[in-house]
Amino acid sequence: MEQKDVFASYATNTNILMIGTMVIGASLFHSGVSELIGINMAKLIGKSESRAILVTMIASCILSSVCTNIGVMTALAPLVTAMCLSAGIAPSKALLSLLFGAQLGGFNTLVGVTSNILGNSLLEGAGYQGFGLFTITPFGFCLSIIGSLYFAFIGSKMLKDTGYIPEFAQVDRKEFNKRKATISCITLFVVLIIIGFNVKIVPAHFAAIIGSLVIIGTGCMTMKEAIHAIDWNCLFLMGSLSAVSKGLQNSGVGDAVAKIVLRILGENPSTLLVTTVIFFAVAILTQLISNTATILLFMPIAISVAQAIGVSAYPAAMIVTLAGAASYATPFAAPQNLIAAGWTNYKITDFFKMGAPMVLITYVVVALLIPIFLPY
(Lines give C-alpha, C1' and ligand atoms only; values in the text may rest on other atoms or scores of the structure.)
Protein backbone atom coordinates (compact mmCIF):
# COMPACT_ATOMS: atom_id res chain seq x y z
CA MET A 1 0.00 0.00 0.00
CA GLU A 2 1.09 3.57 -0.67
CA GLN A 3 0.92 6.35 1.90
CA LYS A 4 -2.06 7.96 0.18
CA ASP A 5 -3.98 4.67 0.45
CA VAL A 6 -3.46 4.58 4.20
CA PHE A 7 -4.82 8.09 4.71
CA ALA A 8 -7.67 7.39 2.30
CA SER A 9 -9.01 4.93 4.90
CA TYR A 10 -9.95 7.90 7.08
CA ALA A 11 -11.86 9.78 4.36
CA THR A 12 -14.60 7.22 3.72
CA ASN A 13 -18.36 7.54 3.42
CA THR A 14 -18.68 5.25 6.46
CA ASN A 15 -16.70 7.70 8.61
CA ILE A 16 -18.83 10.59 7.35
CA LEU A 17 -21.96 8.57 8.10
CA MET A 18 -20.69 7.92 11.63
CA ILE A 19 -19.97 11.60 12.29
CA GLY A 20 -23.50 12.57 11.32
CA THR A 21 -25.22 9.78 13.23
CA MET A 22 -23.10 10.41 16.34
CA VAL A 23 -24.39 13.99 16.44
CA ILE A 24 -28.00 12.91 15.85
CA GLY A 25 -27.70 10.17 18.47
CA ALA A 26 -26.24 12.60 21.00
CA SER A 27 -29.23 14.94 20.45
CA LEU A 28 -31.39 12.28 22.12
CA PHE A 29 -29.34 12.80 25.27
CA HIS A 30 -29.42 16.60 25.03
CA SER A 31 -33.21 16.65 24.59
CA GLY A 32 -33.81 14.24 27.49
CA VAL A 33 -35.30 11.51 25.25
CA SER A 34 -32.62 8.92 25.99
CA GLU A 35 -32.85 9.40 29.73
CA LEU A 36 -36.64 9.11 29.65
CA ILE A 37 -36.53 5.91 27.59
CA GLY A 38 -33.56 4.61 29.56
CA ILE A 39 -35.38 4.98 32.88
CA ASN A 40 -38.39 3.04 31.58
CA MET A 41 -36.20 0.34 30.03
CA ALA A 42 -34.23 0.11 33.27
CA LYS A 43 -37.47 -0.71 35.09
CA LEU A 44 -37.90 -3.64 32.72
CA ILE A 45 -34.41 -5.08 33.19
CA GLY A 46 -33.90 -4.15 36.84
CA LYS A 47 -30.25 -4.53 37.81
CA SER A 48 -29.73 -7.64 35.66
CA GLU A 49 -26.84 -7.34 33.22
CA SER A 50 -27.88 -10.53 31.42
CA ARG A 51 -31.41 -9.20 30.94
CA ALA A 52 -30.05 -5.91 29.60
CA ILE A 53 -27.91 -7.80 27.08
CA LEU A 54 -30.78 -10.08 26.06
CA VAL A 55 -33.22 -7.18 25.56
CA THR A 56 -30.60 -5.35 23.50
CA MET A 57 -29.87 -8.36 21.32
CA ILE A 58 -33.55 -9.12 20.68
CA ALA A 59 -34.24 -5.53 19.65
CA SER A 60 -31.21 -5.35 17.36
CA CYS A 61 -31.93 -8.79 15.83
CA ILE A 62 -35.47 -7.76 14.91
CA LEU A 63 -34.55 -4.36 13.47
CA SER A 64 -31.51 -5.57 11.54
CA SER A 65 -33.69 -8.06 9.67
CA VAL A 66 -34.85 -5.17 7.48
CA CYS A 67 -32.44 -2.30 8.26
CA THR A 68 -28.68 -1.97 7.86
CA ASN A 69 -26.42 -3.06 10.72
CA ILE A 70 -24.84 0.35 11.13
CA GLY A 71 -28.22 2.09 11.02
CA VAL A 72 -29.61 -0.17 13.76
CA MET A 73 -26.52 0.23 15.92
CA THR A 74 -26.38 4.02 15.71
CA ALA A 75 -30.12 4.26 16.41
CA LEU A 76 -30.11 1.98 19.44
CA ALA A 77 -26.71 2.83 20.97
CA PRO A 78 -27.89 6.01 22.78
CA LEU A 79 -30.95 4.19 24.16
CA VAL A 80 -28.97 1.13 25.26
CA THR A 81 -26.36 3.33 26.94
CA ALA A 82 -29.05 5.33 28.73
CA MET A 83 -30.76 2.13 29.85
CA CYS A 84 -27.54 0.77 31.33
CA LEU A 85 -26.60 4.01 33.06
CA SER A 86 -30.10 4.29 34.56
CA ALA A 87 -29.85 0.71 35.83
CA GLY A 88 -26.35 1.24 37.22
CA ILE A 89 -24.79 -1.15 34.68
CA ALA A 90 -21.61 -0.44 32.70
CA PRO A 91 -22.68 -0.14 29.04
CA SER A 92 -19.69 -1.85 27.37
CA LYS A 93 -21.09 -5.40 27.31
CA ALA A 94 -24.56 -4.28 26.21
CA LEU A 95 -23.09 -2.17 23.40
CA LEU A 96 -21.05 -5.17 22.22
CA SER A 97 -24.21 -7.29 22.32
CA LEU A 98 -25.80 -4.61 20.11
CA LEU A 99 -23.15 -5.42 17.50
CA PHE A 100 -23.66 -9.17 17.61
CA GLY A 101 -27.44 -8.83 17.63
CA ALA A 102 -27.30 -6.66 14.52
CA GLN A 103 -24.99 -9.14 12.79
CA LEU A 104 -27.13 -12.18 13.64
CA GLY A 105 -30.37 -10.41 12.76
CA GLY A 106 -28.94 -9.58 9.36
CA PHE A 107 -29.28 -13.27 8.48
CA ASN A 108 -33.06 -13.26 8.97
CA THR A 109 -33.90 -11.95 5.49
CA LEU A 110 -32.06 -11.60 2.21
CA VAL A 111 -32.04 -7.80 2.58
CA GLY A 112 -30.86 -7.87 6.20
CA VAL A 113 -27.23 -7.16 5.36
CA THR A 114 -25.44 -5.99 2.21
CA SER A 115 -23.29 -9.13 1.97
CA ASN A 116 -26.46 -11.25 1.63
CA ILE A 117 -27.46 -9.23 -1.43
CA LEU A 118 -23.93 -9.46 -2.82
CA GLY A 119 -23.86 -13.24 -2.42
CA ASN A 120 -27.24 -13.53 -4.14
CA SER A 121 -26.18 -11.32 -7.06
CA LEU A 122 -23.03 -13.41 -7.57
CA LEU A 123 -25.17 -16.56 -7.62
CA GLU A 124 -27.42 -15.00 -10.27
CA GLY A 125 -24.36 -13.84 -12.20
CA ALA A 126 -23.23 -17.46 -12.39
CA GLY A 127 -26.46 -18.32 -14.21
CA TYR A 128 -28.55 -19.60 -11.31
CA GLN A 129 -31.90 -18.38 -10.00
CA GLY A 130 -31.39 -16.19 -6.95
CA PHE A 131 -32.42 -16.97 -3.40
CA GLY A 132 -35.87 -15.90 -2.21
CA LEU A 133 -36.35 -13.19 0.40
CA PHE A 134 -36.78 -15.78 3.16
CA THR A 135 -34.52 -18.60 1.93
CA ILE A 136 -31.93 -17.54 4.51
CA THR A 137 -34.51 -17.13 7.31
CA PRO A 138 -34.26 -20.62 8.92
CA PHE A 139 -30.51 -20.14 9.35
CA GLY A 140 -30.88 -16.58 10.64
CA PHE A 141 -33.70 -17.42 13.03
CA CYS A 142 -31.75 -20.26 14.67
CA LEU A 143 -28.57 -18.19 14.83
CA SER A 144 -30.43 -15.26 16.39
CA ILE A 145 -31.90 -17.43 19.17
CA ILE A 146 -28.81 -19.50 19.94
CA GLY A 147 -26.41 -16.57 19.56
CA SER A 148 -28.46 -14.30 21.81
CA LEU A 149 -28.70 -16.92 24.56
CA TYR A 150 -24.99 -17.69 24.27
CA PHE A 151 -23.92 -14.04 24.51
CA ALA A 152 -26.30 -13.14 27.33
CA PHE A 153 -25.60 -16.09 29.63
CA ILE A 154 -22.19 -17.48 28.65
CA GLY A 155 -20.15 -15.31 26.31
CA SER A 156 -20.58 -12.03 28.15
CA LYS A 157 -19.21 -13.66 31.31
CA MET A 158 -15.85 -14.00 29.54
CA LEU A 159 -15.53 -10.22 29.25
CA LYS A 160 -14.81 -7.56 31.81
CA ASP A 161 -16.63 -4.24 31.73
CA THR A 162 -14.25 -1.65 30.36
CA GLY A 163 -16.07 1.14 32.20
CA TYR A 164 -15.92 3.24 29.05
CA ILE A 165 -18.85 5.55 28.26
CA PRO A 166 -19.10 6.68 24.60
CA GLU A 167 -18.61 10.35 23.83
CA PHE A 168 -22.26 10.79 22.77
CA ALA A 169 -23.40 9.86 26.30
CA GLN A 170 -20.88 11.99 28.19
CA VAL A 171 -23.27 14.86 28.86
CA ASP A 172 -24.78 16.30 31.99
CA ARG A 173 -28.31 15.18 32.88
CA LYS A 174 -30.82 17.03 30.72
CA GLU A 175 -34.47 17.63 31.50
CA PHE A 176 -37.00 16.52 28.89
CA ASN A 177 -37.56 19.23 26.30
CA LYS A 178 -40.58 18.52 24.11
CA ARG A 179 -39.52 20.74 21.20
CA LYS A 180 -35.98 19.41 21.04
CA ALA A 181 -37.19 15.84 21.58
CA THR A 182 -39.63 16.11 18.67
CA ILE A 183 -36.98 17.48 16.30
CA SER A 184 -34.41 14.89 17.39
CA CYS A 185 -36.78 11.93 17.00
CA ILE A 186 -38.15 13.06 13.62
CA THR A 187 -34.64 13.74 12.30
CA LEU A 188 -33.39 10.34 13.45
CA PHE A 189 -36.44 8.59 11.98
CA VAL A 190 -36.07 10.26 8.57
CA VAL A 191 -32.33 9.53 8.39
CA LEU A 192 -32.88 5.88 9.32
CA ILE A 193 -35.59 5.52 6.67
CA ILE A 194 -33.21 6.87 4.04
CA ILE A 195 -30.43 4.54 5.21
CA GLY A 196 -32.70 1.51 5.59
CA PHE A 197 -34.32 1.82 2.16
CA ASN A 198 -31.06 2.80 0.44
CA VAL A 199 -32.56 5.85 -1.25
CA LYS A 200 -30.42 6.38 -4.36
CA ILE A 201 -30.85 10.15 -4.73
CA VAL A 202 -29.78 10.77 -1.10
CA PRO A 203 -26.72 8.71 -0.06
CA ALA A 204 -26.72 7.53 3.56
CA HIS A 205 -23.71 9.61 4.60
CA PHE A 206 -25.19 12.72 3.00
CA ALA A 207 -28.50 12.19 4.83
CA ALA A 208 -26.67 11.82 8.16
CA ILE A 209 -24.76 15.07 7.67
CA ILE A 210 -27.95 16.93 6.68
CA GLY A 211 -29.63 15.50 9.77
CA SER A 212 -26.81 16.68 12.03
CA LEU A 213 -27.03 20.17 10.50
CA VAL A 214 -30.77 20.19 11.25
CA ILE A 215 -30.00 19.31 14.87
CA ILE A 216 -27.49 22.15 15.19
CA GLY A 217 -29.48 24.65 13.12
CA THR A 218 -32.64 24.23 15.23
CA GLY A 219 -30.75 24.70 18.48
CA CYS A 220 -31.11 21.14 19.74
CA MET A 221 -27.34 21.19 20.23
CA THR A 222 -24.65 23.83 19.96
CA MET A 223 -21.74 23.45 17.58
CA LYS A 224 -19.44 22.86 20.55
CA GLU A 225 -21.72 20.12 21.89
CA ALA A 226 -21.89 18.51 18.45
CA ILE A 227 -18.10 18.42 18.12
CA HIS A 228 -17.83 16.91 21.61
CA ALA A 229 -20.40 14.25 20.66
CA ILE A 230 -18.16 12.91 17.88
CA ASP A 231 -16.10 9.98 19.14
CA TRP A 232 -12.79 10.84 17.47
CA ASN A 233 -11.07 7.80 19.00
CA CYS A 234 -13.64 5.59 17.29
CA LEU A 235 -13.11 7.31 13.92
CA PHE A 236 -9.32 7.09 14.09
CA LEU A 237 -9.57 3.43 15.09
CA MET A 238 -11.86 2.71 12.14
CA GLY A 239 -9.47 4.42 9.73
CA SER A 240 -6.31 2.72 10.97
CA LEU A 241 -7.74 -0.80 11.15
CA SER A 242 -9.41 -0.39 7.76
CA ALA A 243 -5.95 0.31 6.34
CA VAL A 244 -4.65 -2.90 7.96
CA SER A 245 -7.53 -4.88 6.43
CA LYS A 246 -6.91 -3.38 2.99
CA GLY A 247 -3.22 -4.20 3.25
CA LEU A 248 -3.97 -7.86 4.01
CA GLN A 249 -6.38 -7.97 1.08
CA ASN A 250 -3.76 -6.54 -1.32
CA SER A 251 -1.06 -8.90 -0.06
CA GLY A 252 -2.60 -11.93 -1.78
CA VAL A 253 -3.77 -13.72 1.38
CA GLY A 254 -7.11 -14.48 -0.26
CA ASP A 255 -5.63 -16.20 -3.31
CA ALA A 256 -3.36 -18.31 -1.12
CA VAL A 257 -6.29 -19.49 1.02
CA ALA A 258 -8.34 -20.34 -2.08
CA LYS A 259 -5.55 -22.60 -3.40
CA ILE A 260 -5.32 -24.38 -0.04
CA VAL A 261 -9.08 -25.05 -0.08
CA LEU A 262 -8.96 -26.67 -3.51
CA ARG A 263 -6.00 -28.82 -2.46
CA ILE A 264 -7.77 -30.04 0.71
CA LEU A 265 -11.04 -30.96 -1.00
CA GLY A 266 -9.43 -33.26 -3.53
CA GLU A 267 -11.45 -35.00 -6.25
CA ASN A 268 -14.33 -36.80 -4.46
CA PRO A 269 -15.07 -35.02 -1.16
CA SER A 270 -18.12 -35.72 1.00
CA THR A 271 -20.74 -32.97 1.24
CA LEU A 272 -19.96 -32.51 4.95
CA LEU A 273 -16.30 -31.99 4.09
CA VAL A 274 -17.30 -29.48 1.42
CA THR A 275 -19.43 -27.61 3.97
CA THR A 276 -16.69 -27.68 6.60
CA VAL A 277 -13.76 -26.65 4.40
CA ILE A 278 -15.62 -23.89 2.55
CA PHE A 279 -17.14 -22.52 5.76
CA PHE A 280 -13.89 -22.28 7.72
CA ALA A 281 -11.86 -21.00 4.78
CA VAL A 282 -14.36 -18.18 4.30
CA ALA A 283 -14.95 -17.57 8.03
CA ILE A 284 -11.23 -17.33 8.82
CA LEU A 285 -10.48 -15.02 5.92
CA THR A 286 -13.41 -12.72 6.69
CA GLN A 287 -11.87 -11.97 10.09
CA LEU A 288 -8.92 -10.40 8.25
CA ILE A 289 -10.42 -8.68 5.21
CA SER A 290 -13.87 -7.26 4.47
CA ASN A 291 -16.78 -9.69 4.15
CA THR A 292 -17.61 -8.34 0.70
CA ALA A 293 -14.07 -9.04 -0.55
CA THR A 294 -14.20 -12.53 0.96
CA ILE A 295 -17.55 -13.36 -0.65
CA LEU A 296 -16.41 -11.96 -4.00
CA LEU A 297 -13.36 -14.22 -3.84
CA PHE A 298 -14.99 -17.45 -2.68
CA MET A 299 -18.41 -17.49 -4.34
CA PRO A 300 -17.05 -18.49 -7.77
CA ILE A 301 -14.80 -21.09 -6.10
CA ALA A 302 -17.69 -22.61 -4.13
CA ILE A 303 -19.93 -22.78 -7.19
CA SER A 304 -17.13 -24.37 -9.24
CA VAL A 305 -16.50 -26.97 -6.53
CA ALA A 306 -20.22 -27.86 -6.43
CA GLN A 307 -20.29 -28.25 -10.20
CA ALA A 308 -17.12 -30.35 -10.21
CA ILE A 309 -18.48 -32.92 -7.74
CA GLY A 310 -21.95 -32.92 -9.30
CA VAL A 311 -24.03 -31.39 -6.49
CA SER A 312 -26.29 -28.35 -6.16
CA ALA A 313 -24.56 -24.98 -6.06
CA TYR A 314 -27.21 -23.45 -3.77
CA PRO A 315 -25.96 -24.89 -0.46
CA ALA A 316 -22.39 -23.93 -1.36
CA ALA A 317 -23.53 -20.37 -2.15
CA MET A 318 -25.46 -20.17 1.13
CA ILE A 319 -22.42 -21.37 3.09
CA VAL A 320 -20.24 -18.65 1.54
CA THR A 321 -22.90 -16.01 2.27
CA LEU A 322 -23.31 -17.03 5.93
CA ALA A 323 -19.63 -17.64 6.64
CA GLY A 324 -18.64 -14.44 4.86
CA ALA A 325 -20.76 -12.37 7.23
CA ALA A 326 -19.66 -14.31 10.35
CA SER A 327 -17.14 -11.56 11.04
CA TYR A 328 -17.22 -11.75 14.83
CA ALA A 329 -13.67 -12.47 15.96
CA THR A 330 -11.69 -9.30 15.17
CA PRO A 331 -12.53 -5.59 15.45
CA PHE A 332 -11.45 -4.89 11.86
CA ALA A 333 -13.51 -7.64 10.20
CA ALA A 334 -16.35 -5.21 9.37
CA PRO A 335 -17.14 -1.48 9.76
CA GLN A 336 -19.73 -2.21 12.46
CA ASN A 337 -17.06 -4.08 14.47
CA LEU A 338 -14.85 -1.01 14.35
CA ILE A 339 -17.74 1.13 15.57
CA ALA A 340 -18.40 -1.22 18.50
CA ALA A 341 -14.69 -1.29 19.38
CA GLY A 342 -14.71 2.49 19.57
CA TRP A 343 -17.82 2.55 21.76
CA THR A 344 -16.59 -0.11 24.19
CA ASN A 345 -12.77 0.00 24.24
CA TYR A 346 -12.64 -3.79 23.87
CA LYS A 347 -9.39 -5.06 22.33
CA ILE A 348 -8.58 -7.62 19.64
CA THR A 349 -8.18 -10.36 22.27
CA ASP A 350 -11.63 -9.56 23.68
CA PHE A 351 -13.22 -9.82 20.25
CA PHE A 352 -11.49 -13.14 19.61
CA LYS A 353 -12.44 -14.54 23.00
CA MET A 354 -16.07 -13.57 22.43
CA GLY A 355 -16.30 -14.04 18.67
CA ALA A 356 -14.49 -17.33 18.03
CA PRO A 357 -17.21 -19.39 19.77
CA MET A 358 -19.80 -17.43 17.74
CA VAL A 359 -18.08 -18.59 14.56
CA LEU A 360 -18.23 -22.20 15.79
CA ILE A 361 -21.93 -21.82 16.67
CA THR A 362 -22.58 -20.48 13.18
CA TYR A 363 -20.79 -23.49 11.68
CA VAL A 364 -22.82 -25.99 13.72
CA VAL A 365 -26.10 -24.32 12.71
CA VAL A 366 -25.06 -24.24 9.04
CA ALA A 367 -23.85 -27.87 9.05
CA LEU A 368 -27.09 -29.08 10.67
CA LEU A 369 -29.55 -27.03 8.63
CA ILE A 370 -28.02 -27.21 5.13
CA PRO A 371 -29.14 -30.86 4.63
CA ILE A 372 -32.66 -29.92 5.77
CA PHE A 373 -33.36 -26.62 4.01
CA LEU A 374 -30.84 -26.59 1.12
CA PRO A 375 -29.69 -30.18 0.52
CA TYR A 376 -26.90 -30.90 -1.90
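How far should the twelve residues of helix α16 span at 1.5 Å a residue, and how far apart are its end C-alpha atoms? The expected span is 16 Å, and the end C-alpha atoms of α16 (residues 313-324) are 16 Å apart, so the two agree. This is a predicted model, and every value below is computed from it.

## Overall make-up

The protein chain has 18 helices and zero strands. Of its 376 residues, 52% count as buried. Its accessible surface comes to about 15,800 Å². Carbon and sulfur atoms own 68% of that surface.

Contacts reach far along the sequence. Take the contacts with a separation of 6 or more: residues 24 or more positions apart account for 82% of them.

## Helix α16 and its cover

α16 is mostly covered. Eleven of its twelve residues are buried. They are A313, P315, A316, A317, M318, I319, V320, T321, L322, A323 and G324.

What covers these buried residues? The cover includes α7, α8, α14 (271-285), α15 (291-308) and α18. Two residues of the buried set, A323 and G324, also turn up among the contacts of T286.

## T286, between α14 and α15

T286 sits in the loop between α14 and α15. Its relative accessibility is 0%, so T286 counts as buried. Setting aside neighbours within four places in sequence, T286 is in contact with N291, T294, A323, G324, A326, S327 and A333.

## Helix α17 and the residue after it

Is helix α17 largely enclosed or largely open? Nine of the ten residues of α17 (residues 335-344) are buried, so the helix is largely enclosed by the rest of the structure. The buried residues are Q336, N337, L338, I339, A340, A341, G342, W343 and T344.

N345 follows α17. It lies in the loop between α17 and α18. Its phi is near 65°, a positive value in a residue other than glycine. N345 counts as partly exposed, at 35% relative accessibility.

## Helix α18: span, bend and a buried Phe

α18 covers residues 348-373. At 1.5 Å a residue, its 26 residues should span 38 Å. The end C-alpha atoms are 35 Å apart, which agrees. Where does α18 bend? The bend is at G355, by about 30°. A proline, P357, follows within four residues.

F351 lies in α18. Its relative accessible area is 0%, so F351 is buried. Beyond its neighbours within four places in sequence, F351 is in contact with L96, L99, Y328, A329, T330, P331, N337, A341, Y346 and A356. Of these partners, N337 and A341 are among the buried residues of α17.

The pairing with L96 spans a long stretch of chain: F351 and L96 are 255 residues apart in sequence. In space they are 9.3 Å apart, C-alpha to C-alpha.

## The salt bridge

How many salt bridges does the structure hold? It holds one. E49 pairs with K93, and the closest N and O atoms are 3.3 Å apart. E49 lies in helix α4 (residues 49-63) and K93 in helix α6, so the pair ties together parts that are 44 residues apart in sequence.

Is K93 buried or exposed? K93 counts as buried, at 7% relative accessibility. The cut-off for buried is under 20% relative accessible area.

## T109, between α6 and α7

T109 lies in the loop between α6 (92-105) and α7 (114-125). T109 is buried, with a relative accessible area of 8%. Leaving out neighbours within four places in sequence, its contacts are S65, N116, L133, F134, I136 and T137.

## A nonpolar surface patch

Which residues make the nonpolar surface patch? F141, I145, I146, L149, F153, I154 and M158 form it. The patch has an area of about 640 Å².

F153 is one of these residues, and it lies in helix α8 (residues 137-153). F153 is partly exposed, with a relative accessible area of 45%. An α-helix has 3.6 residues a turn, so residues three or four places apart point the same way.

Definitions and conventions: Residues numbered from 1 in each chain as written. Predicted model: local features only at pLDDT ≥ 70, side-chain atom pairs only at ≥ 80, totals over all residues. Heavy atoms only, no water. Buried < 20%, exposed > 50% of the residue type's maximum accessible area, 1.4 Å probe, protein only. Contact = heavy atoms within 4.5 Å. Expected span 1.5 Å × (residues − 1). Bend = angle between axes of the 7 residues up to and from the residue. Patch = residues over 30% accessible without salt bridge, like charges linked within 9 Å, V, L, I, M, F, W, Y side chains within 5 Å. Areas by Shrake-Rupley, 256 points an atom, 1.4 Å probe, with all protein chains shown as cover. Salt bridge = Lys/Arg side-chain N within 4 Å of Asp/Glu carboxyl O.
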